[in-house]
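Colleague: I've got a model open and would like to talk through how it is put together. Could you take my questions one by one?

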Amino acid sequence: MPAAKEPLPLILKHHPKFIFFTDFDGTITNQDSNDFLINNFGHGPLRRKEVFDDILHERRTFRDGFKELLDGIQLPLYKCIAELLENITLDEGFKEFYAWTHEHNIPVIVLSGGMNPIIRALLAHLIGEDEVKTLPVLSSNVVARSGKNLDEEGGWEIAYRDDSSYGHDKSLQIQPYAALPDGQRPTLFYAGDGVSDLSAARETDLLFAKEGRDLVTYCQKENVPFTTFRDFSQILGIMKRIVSGDVSVKDVADGKA
Ligand SMILES: [Mg+2]
């Protein structure tokens with residue numbers, strides 16, 4: 001069964017000229033929370049690298065490989081969250097970037113292959129409870145394994161958002177906006193770093209790919225135009241120039257600005 005297209009949310013009510021989609025793990029945060037859990041409480045970094053190499057080189061799907069890695073984590077959910085709150089840090093530029101988007105009517109939408117309660121807990125911790133309430137986070141979820149509850153040993157597993165080979169096909173969230181007619185269609189941006197961003201990489205007008213990460217390798221391999229970033233302060237600098245009309249999205253995508 002193909003994954004269903006998501007309905008357009010209320011975001012268009014305010015007629016934004018720009019929408020900024022972003023990955024969560026390794027993009028808004030400095031470390032990938034799933035990698036952290038897998039490395040420290042699951043199959044470990046060597047197995048993780050093998051699986052992710054297989055995904056990147058299309059020998060197996062993200063859906064299948066990521067599930068295998070997460071299934072190796074027996075730590076109860078509340079303990080996973082506690083470990084992550086202690087160990088995962090926010091990209092230093094993100095808070096200022098996010099405040100700026102608010103002032104300029106630019107919705108930010110988080111698209112993640114990760115698990116909603118973990119992402120929400122981290123965002124509330126890193127950005128603030130109130131700020132996070134209005135931030136849409138479209139992601140996969142967690143469910144209790146049969147006969148168990150989330151907060152016991154081996155009690156949870158990932159529940160994918162859709163039936164796609166990605167578990168959450170991020171391009172499906174972007175396509176309804178991309179398909180709007182001229183005059184209504186906002187300019188679309190995406191920031192990401194890894195294999196779970198592959199499906200979204202082609203859908204937006206400007207893709208920010210994190211320096212030195214797998215998404216850069218993929219974009220080069222597939223000839224998908226992108227511009228690299230180190231942190232959100234660089235993205236903010238470019239966005240300010242685009243919004244003020246100083247440079248065009250095309251110039252940035254072509255590497256001319
Ligand atoms: Mg990521």
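What follows is a short chat about the overall build, two helix pairs and a few single residues.

Colleague: Before the details, what kind of model is this, predicted or experimental?

Modeller: Keep in mind that local features are only described where pLDDT is at least 70. That cut-off goes with the kind of model this is, which is predicted.

Colleague: Fine. How many helices and strands does the protein have, and what is its radius of gyration?

Modeller: The count comes to 11 helices and seven strands. For 257 residues the globule rule gives 18 Å, and the protein comes close to that, so it is as compact as a globular protein of that length. Its C-alpha trace spans about 55 × 40 × 35 Å along the principal axes. The radius of gyration itself is 18 Å.

Colleague: What share of the residues is buried, and what share of the contacts with a separation of 6 or more joins residues 24 or more positions apart?

Modeller: Of the 257 residues, 38% are buried. As for the contacts with a separation of 6 or more, the share from residues 24 or more positions apart is 64%.

Colleague: On to helix packing. Are H5 and H10 roughly parallel or antiparallel?

Modeller: H5 covers residues 94–103 and H10 covers residues 232–243, and their axes sit 8 Å apart. The angle between them is about 30°. Angles under 35 degrees count as roughly parallel, so that is what H5 is to H10: roughly parallel.

Colleague: And what is the handedness of that crossing, and which residues of H10 make the contact?

Modeller: The H5–H10 crossing is left-handed. From H5, the contact takes in Phe 94, Glu 96, Phe 97 and Trp 100. The contact residues divide into six nonpolar, no polar and one charged. On the H10 side they are Phe 232, Ile 235 and Leu 236.

Colleague: How do H2 and H3 run, roughly parallel or roughly antiparallel?

Modeller: Helix H2 (residues 45–56) packs on helix H3 (residues 62–71) with axes 9 Å apart and an angle of about 170°. Anything over 145 degrees counts as roughly antiparallel, so H2 and H3 are roughly antiparallel.

Colleague: Which residues meet there, and how many of them are charged?

Modeller: H2 brings Arg 48, Val 51, Asp 54 and Ile 55, while H3 brings Phe 62, Gly 65, Glu 68 and Leu 69. By type, they divide into four nonpolar and one polar, and the charged ones number three.

Colleague: Glu 58 caught my eye. Where is it, and is it buried or exposed?

Modeller: Glu 58 has a positive phi of about 60° although it isn't a glycine. You'll find Glu 58 in the loop between H2 and H3. Just 9 other C-beta atoms lie within 10 Å, and 12 or fewer means exposed, so Glu 58 is exposed.

Colleague: What about His 15, what is its phi?

Modeller: His 15 sits in the segment before strand E1 (18–22). With 9 other C-beta atoms within 10 Å, His 15 is exposed. Its phi is positive in a residue other than glycine, near 45°.

Colleague: Last one: Lys 210. Is it buried or exposed, and which residues does it touch?

Modeller: Lys 210 lies in strand E6 (residues 206–210). With 22 C-beta neighbours inside 10 Å, and 20 or more being the cut-off, Lys 210 counts as buried. Leaving out residues up to four places away in sequence, Lys 210 touches Gly 26, Thr 27, Asp 193, Leu 215 and Phe 229.

How values were computed. Residues are numbered from 1 along each chain as its sequence is written. This is a predicted model: local features need pLDDT of at least 70, side-chain atom pairs count only at pLDDT 80 or more; totals for chains, interfaces and linings use all residues. Axes are lines fitted to C-alpha atoms, for helices over the stretch in contact, and angles run from 0 to 180 degrees between N-to-C directions. Helices (H or I, at least four residues) and strands (E, at least two) are DSSP runs, numbered from the N terminus. Angles under 35 degrees count as roughly parallel, over 145 as roughly antiparallel, 65 to 115 as roughly perpendicular and the rest as oblique. A crossing is left-handed if the near helix is turned anticlockwise from the far one by less than a right angle, and right-handed if clockwise. Two residues are in contact if their C-beta atoms, placed from the backbone, lie within 7 Å. Ala, Val, Leu, Ile, Met, Phe, Trp, Tyr, Cys and Pro count as nonpolar, Asp, Glu, Lys and Arg as charged, and the others, Gly among them, as polar. The radius of gyration is taken over C-alpha atoms; the globule rule is 2.2 Å times the number of residues to the power 0.38.
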